[in-house]
Amino acid sequence: MRDWRKYLDPRALSRIGRLELKARLIVEGYIAGLHRSPYHGFSVEFAQHREYAPGDDIRHVDWKVYGRSDRFYVKEYEEETNMRVYLLLDVSESMDYGPPGVLRKVAFGRHVASALTFLALRQQDAVGLTLFDDRVRTMIPPGGTRGQLQTVVSALEDVAPARPTALGDVLAQTASDIRRKSLVVVISDVFDDLDAVQTGLRRLRHRGNEVILMHVLAEDELVFPFTRMTRFEGLEGTGEALVEPSDLRKAYLAEIANFTAQVRRRCRQDRTDYVLLSTAQTFDVPLATFLAARARSRAR
């Protein structure tokens, strides 16, 4: 059994542990929190079981399940369940990059996904995971049980980056698959056609979901620290080149700055939250800053 604790360093948790992953826009269409539906107690559509916790209404205990398992579970209904969080992690080949001694982008993404899963479950929210490259590789439906964190971590470790990405197509598919308005967190280096990515993000937003794009890049990709003649091997079938870094540093830095600015601008156009994450940072620092900023904006 995988140990999820290796992704959740206690020092990191101490920095994000008091923060909450909340939606800024209620998915029913107005400004509010998502933790309890205004229709609580009136739905008849069964959603899932969860273990009984002190304070739960015993009217919702499933006595048939108790008779079979000798354990108490309560029924949750569609409008009674808390916020649903969908985590989409890019596991394409380009995410398998990282300089020596620093987490590769995909490993960094695993830490971020694990931390967000921990936060969502601690809030008694349901969280699901999608791993993708040029198509969906793994899909874990949202769940809020104690074992969901272990399920998510096991899935994170079971996939190895090897194929190109098609982020735009996966976003469009996800928009079609999500039946209930939710919070969708995309963790990717966004190395795909930006028009296709924006179209996919728009589809998610137009269906009433709130969307956060966590843009993960290696520090090398952001600052281009190379000083000697270097052979660059392209990922996802882009070939290789032997170059003198000083000949292209200025042009490269301008290009990467334009790229991140474009992604940020397109997100802002469609009311998608954007956060740029560098693998040189410990993941909890920008994550804590971002969640704290969201909390302040909700309080206004």
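**Salt bridges and a helix pair**

Glu221 is buried in the predicted model, as its relative accessible area is 12%, below the 20% limit for that class. Its side chain forms a salt bridge with that of Lys105, with an N to O distance of 2.9 Å. This pair joins distant parts of the chain, since Glu221 lies in helix α7 (residues 219-223) and Lys105 in helix α3, 116 residues apart. Lys105 is also buried, with a relative accessibility of 0%.

In total, eight salt bridges were counted. Another of them links the side chains of Arg202 and Asp270 at 2.8 Å, N to O. Here too the partners come from distant parts of the chain: Arg202 belongs to helix α6 (residues 194-206), and Asp270 to the loop between α8 (245-269) and β10 (273-278), 68 residues apart. Arg202 is partly exposed at 35% relative accessible area, whereas Asp270 is buried at 13%.

A salt bridge of 3.1 Å, N to O, connects the side chains of Arg137 and Asp134. Arg137 is partly exposed, at 30% relative accessibility, and Asp134 is partly exposed at 27%. Both residues take part in a salt-bridge network with Asp133 and Arg163.

Helix α3 (residues 105-122) also packs against helix α4 (residues 148-157): their axes come within 10 Å and cross at roughly 170°. The two helices are therefore roughly antiparallel, and the crossing is right-handed. Residues of α3 in the contact include Arg110, Thr117 and Phe118, while those of α4 include Gln148, Val152 and Glu157. The residues of this contact comprise seven nonpolar, three polar and two charged.

How values were computed. Residues are numbered from 1 along each chain as its sequence is written. This is a predicted model: local features need pLDDT of at least 70, side-chain atom pairs count only at pLDDT 80 or more; totals for chains, interfaces and linings use all residues. Side-chain values use heavy atoms; hydrogens and water are left out. Axes are lines fitted to C-alpha atoms, for helices over the stretch in contact, and angles run from 0 to 180 degrees between N-to-C directions. Helices (H or I, at least four residues) and strands (E, at least two) are DSSP runs, numbered from the N terminus. Angles under 35 degrees count as roughly parallel, over 145 as roughly antiparallel, 65 to 115 as roughly perpendicular and the rest as oblique. A crossing is left-handed if the near helix is turned anticlockwise from the far one by less than a right angle, and right-handed if clockwise. Contact means heavy atoms within 4.5 Å. Ala, Val, Leu, Ile, Met, Phe, Trp, Tyr, Cys and Pro count as nonpolar, Asp, Glu, Lys and Arg as charged, and the others, Gly among them, as polar. A salt bridge is a side-chain nitrogen of Lys or Arg within 4 Å of a carboxyl oxygen of Asp or Glu. Buried means under 20% relative accessible area, exposed over 50%, partly exposed in between (1.4 Å probe, protein chains only).
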